[in-house]
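Subject: Handing over the structure

Dear colleague,

Here is the structure I promised to pass on to you. Please open it beside this email, and read the notes below with both in view.

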Amino acid sequence: MIVRPYGDTRDDGVIQFSFTLPVGYSVKAPDIGKQFLEKLGFHSVAIGECTGIDPSFTFYVAYARTDVGIDPDEVKGDYLEVEVMDYYAINALIEKRLGRKLVVVGAAIESDAHTVGIDAIMNMKGFAGNYGLERYPQMDALNMGSQIPCEQLLRTALERNADAILVSQIVTQKNIHVQNLTKLIELLEAEGVRERFVLVVGGPRINNAFAKELGYDAGFGPRSTPLEVASFLAQEIARRADEA
Amino acid sequence: MTDAFHLDEALVTRARTAAESIADDIQQHIDAHTTDSTERATLRLLGVVGVNEIDVPLVNVVVEHAHPLLGGGVTAPFVDLMLQTGQGAQEVAEGVAGGALALAPVPTERRVGVEKRAAELAREGVAAIDAVRRRREELVATSGEPLRPYVYVIVATGDIHEDVLQAKAAARAGADVVAVIRTTAQSLLDYVPYGLTTEGFGGTYATQENFRLMREGLDEVGAEVGRYIRLCNYASGLCMPEIAYMGSIERLDMMLNDCMYGIIFRNINMRRTFVDQYLARLLNARAGIIINTGEDNYLTTADAFSKGYTVIASDFINEAFALRANLEKWQMGIGHAFEIDPATPDQVVYQIADAQLVRQLFPEASPKYMPPTKYMPGDIFQGHVIDAMFNFTGIFTGQDVMLLGMLTEALHTPLLQDRYASIRNAKYIFEACRHLRDEVTFKPGGIMETRANDVLAKAVDQLEEVEDMGLFEALSRGEFADVVRDPDGGRGAEGVFGRDDDYFNPFFAELREGRMSGPPTGPPPGNSVAQGKGAS
């Protein structure tokens, strides 16, 4: 079934916009914004706000309608299917299937100086009421912090005989995160140890499909919780144990 | 506020006493050491600029050559070469870098002459800073001084030309302070990049030329809008004092300049940072720059509700170090933040309590209030409302500097229109609530006053514990932001040198004495070379 944006009536196709054009405000500024939206294929454009916010920039708030729809059933992709378990079930699964602690090493790699992501997932206190991986009795989790070179992360993972490596990338300007993430994959492959680890990446611009494309086992985007990551790790380790 | 919180004054006294003692202990370490970056900043003060043929700053090259002599400081052998060759500082630096000249210990018979000449050069170097400060005063008088709180926004494009364009747009929309976010990891570079830059990751390189370009742009737009627009950057990382020097010459007005931030959040060696922050702060003090401390960062790592007291404890420590570096109270942008989880019942009630506590504990300072970041949602509409409550808390508790939250905080570095929306939000609330603070009183013994006294009491406990164990030990136990640091670990440890008895650097005395707005108010800088308990 095709769906369209819902404003206040089914299929009215109403969308809200805010954008800035690099033109100074003039009497024709509202029409510039309106015709721009029409060029995009929208109709019934209503310019709510059209203000010069600088001599050479005009800010718009607008509403417009679209006739374009989408069939949700036709949207297919590489989504991470994780059954989110609770803290106790995760520990129990690891204990039962692995018979030892699951060893995890995590870091924000290379130039990225932001620990907020890796801390939220790994630190004892966790995030949003979820304990971090360090709290799990069945995990031996090490958060190495930020600006960790790939070589150092790998060395530590090998020393600790890690089952999983968690990588965080917050800074994405000029796609620096892609370079950093690719570097880690290339290093693991060059050393012939890629298959030894469950390799997971998280960050604001990460999704599972993108992570898979780069060669990771899973990717976690914004608002991911320690429970989701822990559930994935436990289930993936169990799955690999089944295959072995 | 006419009738603010009734705080336990005995606790306030105990907090300051403990912080003073903590800082005195570390000051013994500071007075007994120098660092690569301290000596490089000294050469910059003497007038050395530029880079060699492979883009290494000349000050780095010269200090590297001087390593065997650094216990005595680079100044005496360097000035000796100037006198022996009759050349200026730049020529001597080029000579040393090129191998034509070599730094050597100063023979006893030339020592008096060298020290006399160095003292003259120190006076000239500091006079240049004073001239820049006077120029700021003139411009503030002609362009106009904004109302408090200052509206502080960031630009972070990576390209200095785009930064200038966005900064001007922000000033026209109502910003009073523009901070240029630094490129990722510049704090870990042990040199200051040179020249104008148009590429950076998550920010723009702090270089002297970039400082100059942004200053020029802000002066232009300041004249246009009738307000002096302040410029902020980061005197932090491994080059703290050098960047402070650059800021003092290029007329920056604010600098992030925390005494412990680099240690906790950038894993810079603590022996290094404490020495570096001292000269950096002496320079900022002289230049009339407002420093910003970084306690907001604690609350992005640790929980803002239960660990709010660590902010207060650290504020007292930053104040004590600032006083020892000659900063005046108005120059202390004491840091704190609006980071309690919005899902907490009475969140804003507690935020007001915490913010009002800072205001009362540091009445003459210029507190800098930091916006919500940790719990900002991707839903920008809800984010805008949370930012509004932050703005309300700021104006209601009389903060001096408001770093505005961005509705898109969780999504990307601010777009031009994000900054505009955010400034509109703040300006509306600041004007709509301007005198509210004067019209109400807090309920004695209410939730807020109780919270404030509770946070203060916990801060005192922490400060007294830190005093007992020493700050180095406290940092190695993760007392701040739950981050654990090894006194011997971290970056830059190799750049710390014990001072010999004949260590000579006339800039310390020159910066300390004769400050422009009256005699020093802080305790005198220590001269002891004894090792304190924290410095062992």
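Is the crossing of helix 14 of chain B and helix 18 of chain B left-handed or right-handed? The crossing is right-handed, where right-handed means that the near helix is turned clockwise from the far one by less than a right angle, and left-handed that it is turned anticlockwise.

Before going further, please keep in mind that this is a predicted model, in which local features need pLDDT of at least 70 and side-chain atom pairs count only at pLDDT 80 or more, while totals for chains, interfaces and linings use all residues. Residues are numbered from 1 along each chain as its sequence is written, chains are lettered from A and ligands numbered from 1 in the order in which they are written, and side-chain values use heavy atoms, with hydrogens and water left out.

To return to the two helices (DSSP runs of H or I with at least four residues, strands being runs of E with at least two, both numbered from the N terminus), helix 14 covers residues 347-361 and helix 18 residues 447-469 of chain B, and they pack at an angle of about 55 degrees with their axes 9 Å apart. Axes here are lines fitted to C-alpha atoms, for helices over the stretch in contact, and angles run from 0 to 180 degrees between N-to-C directions. Helix 14 of chain B is therefore oblique to helix 18 of chain B, since angles under 35 degrees count as roughly parallel, over 145 as roughly antiparallel, 65 to 115 as roughly perpendicular and the rest as oblique. Residues in contact (heavy atoms within 4.5 Å) include B:Val349, B:Tyr350 and B:Leu357 in helix 14, and B:Met448, B:Arg451 and B:Val455 in helix 18.

Turning to the loops, a cis peptide bond with omega of about 0 degrees joins B:Arg148 and B:Pro149, and B:Pro149 is found between helix 6 (108-143) and strand 2 (150-155) of chain B.

A:Arg223, although not a glycine, has a positive phi of about 70 degrees, and it lies in the loop between strand 8 (218-220) and helix 7 (226-243) of chain A. With a relative accessible area of 65%, A:Arg223 is exposed (over 50%, with buried under 20% and partly exposed in between, using a 1.4 Å probe and protein chains only). B:Asn326 is likewise not a glycine and has a positive phi, of about 80 degrees, but at 3% relative accessibility B:Asn326 counts as buried.

With best wishes
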